[in-house]
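Work through the exercises below with the structure open beside you. Try each task before reading its solution.

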Amino acid sequence: MKVNLKRLLANEGTIDLIHSLADNKDFAILDAKGKPLYVSNNLSPEIISGMVIKANQTEIGRVCSNSGKAADTIARFIAYLAKLEYEKKALASETLEKYKEISLMAGLNEKLASVLHPLDVANTLIRELEKTLWADHIQIVIYNYDKERYENLAIMNKHPQPFQEGEQLAVKWLSLNMVGEIINDLAGDERFSDYFPQVSSLMTAPLIVNNSVIGGVFIFSRQFHSYTSMDLKLLNALVSQTATALEAARLYELLKDTFIRTVFTLVETLEKRDPYTGGHTKRVMEYSVKIAQTLNFSKDETEEIMLAAVLHDIGKIGICDKVLLKNTKLTDEEFTIIKNHTIYGEEILSNINSLRHLIPGVKDHHERFDGTGYPNGKKAEEIHFHARVIAVADAFDAMTSDRPYRKKMALETAIEELKLNAGRQFDPEIVEAFCQMLADSNLNGVNGQFPPCRTSTHHSPPQYGC
Ligand SMILES: [Fe+2]
């Protein structure tokens with residue numbers, strides 16, 4: 001930051017003030033290169049004195065006069081003005097930096113407010129860091145409480161390999177010191193030089209929550225880059241803001257996980273009533289999730305489908321053992337009783353606010369695509385999409401599991417039945433996705449043995465599931 005002497009002298013009243021201080025002595029003011037900026041009218045050609053003008057310990061010019069006292073007074077006065085100007089500029093620069101920092105923080109805060117998953121939080125931070133700081137590789141490392149070690153959470157990777165071992169070491173160091181660091185000459189740093197090959201400069205900041213380091217953020221530069229204290233200040237500010245959001249997202253995930261496990265355990269306990277359906281809920285859940293993933297559903301929607309799949313038969317709690325556990329074919333009257341489990345499922349879930357949104361997926365899972373299902377005879381898109389997914393998963397598991405009154409089908413036969421029922425009992429798009437998923441995965445050890453799915457609209461096989 002420099003003070004411009006010419007501009008300083010051009011300020012209104014400055015020259016008049018200098019004249020009054022000069023006590024009618026002539027003088028000249030020169031810039032640092034000796035170029036005259038102001039010369040009083042009657043300056044004598046014999047200049048006897050030249051005084052240096054300094055601002056922030058740098059020469060910005062010189063005052064010449066045939067009076068040493070006048071030159072000294074003027075030089076000290078201009079140095080004072082220059083000091084004020086320098087402080088004004090420093091304040092303006094600091095204010096600007098602060099403004100940038102605040103608007104960056106406000107922007108990040110706004111973005112973090114709408115993300116709930118730890119990975120999304122980490123990626124939001126990476127995007128902000130990429131815009132703000134020079135980096136050709138950014139890694140966010142976080143402590144995994146289950147595995148008791150630090151793990152990569154998110155990477156902006158322009159390097160072929162992340163630096164796993166180096167980060168373990170560096171985060172341990174961050175944990176001890178709780179402060180970020182700039183290492184502009186990494187090769188010369190004995191602590192880390194062996195662990196970060198091909199990196200010239202590194203900047204780190206700890207993720208701190210409740211006075212504990214839960215991880216660290218690493219900014220790497222392959223080429224030499226001189227990170228500044230302002231860079232570190234910005235990094236620390238952004239990282240510290242993200243740490244809280246990250247921990248909140250982790251707690252939210254933990255809470256959600258606990259909730260899902262609790263619901264799942266409850267349903268598994270209910271399933272114990274019927275020894276023939278052991279593991280059915282888990283398999284329907286797994287098939288449904290895989291269908292959702294094959295169809296590129298969002299993480300949130302996949303989770304909803306998963307929960308609806310876990311709870312799809314919750315209404316069977318209201319069906320008496322005599323009917324539910326009957327090991328011979330059901331009479332029409334008994335089948336009518338069994339059908340009520342979809343309505344009972346709706347009634348049970350309607351009492352729980354946090355599960356109410358799952359009702360359509362549960363209630364509609366026995367509706368048929370052609371409108372001949374129950375409880376409401378909905379057809380095609382009238383049937384909730386989650387229910388159409390669960391219907392395929394439910395029927396496939398029913399067909400490939402032993403029942404008291406029949407043996408399980410071969411996988412190939414079950415797949416063929418799904419295809420033949422596409423457009424009748426099932427949504428063809430979901431059957432297609434399910435077949436594709438089976439062909440692509442190791443599900444039940446059937447990797448790659450199924451041909452590409454082709455749906456059919458003729459043939460009328462029995463309904464699967466109950
Ligand atoms: Fe059911």
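The exercises go from the whole chain to single residues, and the model they use is predicted.

**Exercise 1. The chain as a whole**

Task: State how many helices and strands the protein chain has, and what share of its residues count as buried.

Solution:
- Step 1. Count the elements. The protein chain has 15 helices and nine strands.
- Step 2. Turn to burial. The chain has 466 residues, and 46% of them count as buried.
- Step 3. Look at the surface. The chain exposes about 24400 Å². Carbon and sulfur atoms supply 52% of that area.
- Step 4. Check how contacts span the sequence. Take contacts between residues at least 6 apart in sequence; 59% of these join residues at least 24 apart.

**Exercise 2. The nonpolar cores**

Task: Find the largest nonpolar core, and say which helix gives the most residues to it.

Solution:
- Step 1. Recall a general tendency. In soluble globular proteins, nonpolar side chains tend to be buried together.
- Step 2. Locate the core. The largest nonpolar core has 45 residues. Ile291, Leu311, Val392, Phe396, Leu418 and Phe434 have the most contacts inside it.
- Step 3. List the contributors. Elements giving two or more residues to this core are H6 (229-271), H7 (280-294), H8 (299-310), H12 (359-363), H13 (385-399), H14 (411-421) and H15 (428-440).
- Step 4. Pick out the main one. H13 gives the most, with nine residues.
- Step 5. Zoom in on leucine 311. Beyond its neighbours within four places in sequence, leucine 311 is in contact with Val263, Val267, Leu349, Leu355, Leu358 and Val362.
- Step 6. Look for another core. A second, separate core has 33 residues, including Leu125, Leu129, Met203 and Val209.

**Exercise 3. One helix and its cover**

Task: Name the buried residues of H14, and find helices that cover them.

Solution:
- Step 1. Read along the helix. Ala414, Ile415, Glu417, Leu418, Lys419, Leu420 and Asn421 are buried in H14.
- Step 2. Find the cover. H13 and H15 are among what covers these buried residues.
- Step 3. Look past the end. Just after H14, glycine 423 takes a positive phi of about 90°.

**Exercise 4. The iron site**

Task: Identify which residues coordinate the iron ion, and describe the geometry.

Solution:
- Step 1. Name the donors. The iron ion is coordinated by Asp313 (OD), His341 (NE2), His365 (NE2) and His366 (NE2). The distances are 2.1 to 2.3 Å.
- Step 2. Read their spacing. Along the chain the donors follow D-x27-H-x23-H-H.
- Step 3. Place two of them. Aspartate 313 lies in the loop between H8 and helix H9 (321-324), while histidine 365 lies in the loop between H12 and H13. The pair is 52 residues apart and links distant parts of the chain.
- Step 4. Judge the angles. The four donor atoms make angles of 81 to 170°. Four donors count as tetrahedral if all angles lie between 85 and 135 degrees. The site is irregular.

**Exercise 5. Histidine 365 close up**

Task: Decide whether histidine 365 is buried or exposed, and list what it touches.

Solution:
- Step 1. Check accessibility. Buried means under 20% relative accessible area. Histidine 365 has 2%, so it counts as buried.
- Step 2. List its contacts. Not counting residues up to four places away in sequence, histidine 365 touches His312, Asp313, His341, Thr342, Ala387, Ile390, Ala391 and Asp394.
- Step 3. Find the polar partners. A polar contact of 3.4 Å joins the side chains of histidine 365 and histidine 341. The backbone oxygen of histidine 312 lies 3.5 Å from a polar atom of the side chain of histidine 365.
- Step 4. Compare a fellow donor. Aspartate 313 is buried too, with a relative accessible area of 15%.

**Exercise 6. Three residues to classify**

Task: Classify phenylalanine 27, isoleucine 155 and lysine 256 as buried, partly exposed or exposed.

Solution:
- Step 1. Phenylalanine 27 is in strand S1 (residues 27-31). Its relative accessibility is 0%, so phenylalanine 27 counts as buried.
- Step 2. Isoleucine 155 is in strand S6 (residues 149-157). With a relative accessible area of 32%, isoleucine 155 is partly exposed.
- Step 3. Lysine 256 is in helix H6. At 15% relative accessibility, lysine 256 counts as buried.
- Step 4. Add the contacts of lysine 256. Not counting residues up to four places away in sequence, lysine 256 touches His117 and Glu303. The C-alpha atoms of lysine 256 and glutamate 303 are separated by 9.8 Å.

Terms used
Residues are numbered from 1 along each chain as its sequence is written. This is a predicted model: local features need pLDDT of at least 70, side-chain atom pairs count only at pLDDT 80 or more; totals for chains, interfaces and linings use all residues. Side-chain values use heavy atoms; hydrogens and water are left out. A nonpolar core is a set of buried Ala, Val, Leu, Ile, Met, Phe, Trp, Tyr and Cys residues joined through side-chain atoms within 4.5 Å. Buried means under 20% relative accessible area, exposed over 50%, partly exposed in between (1.4 Å probe, protein chains only). Helices (H or I, at least four residues) and strands (E, at least two) are DSSP runs, numbered from the N terminus. Contact means heavy atoms within 4.5 Å. Accessible areas come from the Shrake-Rupley method with a 1.4 Å probe; for residues, only the protein chains shown count as cover. A polar contact is a pair of N or O atoms within 3.5 Å; within protein, one must be able to donate a hydrogen and the other to accept it, and residues adjacent in sequence count only if both atoms are side-chain atoms. Donors are N, O and S atoms within 2.8 Å of the metal (3.2 Å for Na, K and Ca); water is not among the atoms, so sites may look incomplete. Four donors count as tetrahedral if all angles lie between 85 and 135 degrees; four count as square planar and six as octahedral if opposite donors are over 155 degrees apart and all others between 65 and 115; anything else is irregular.
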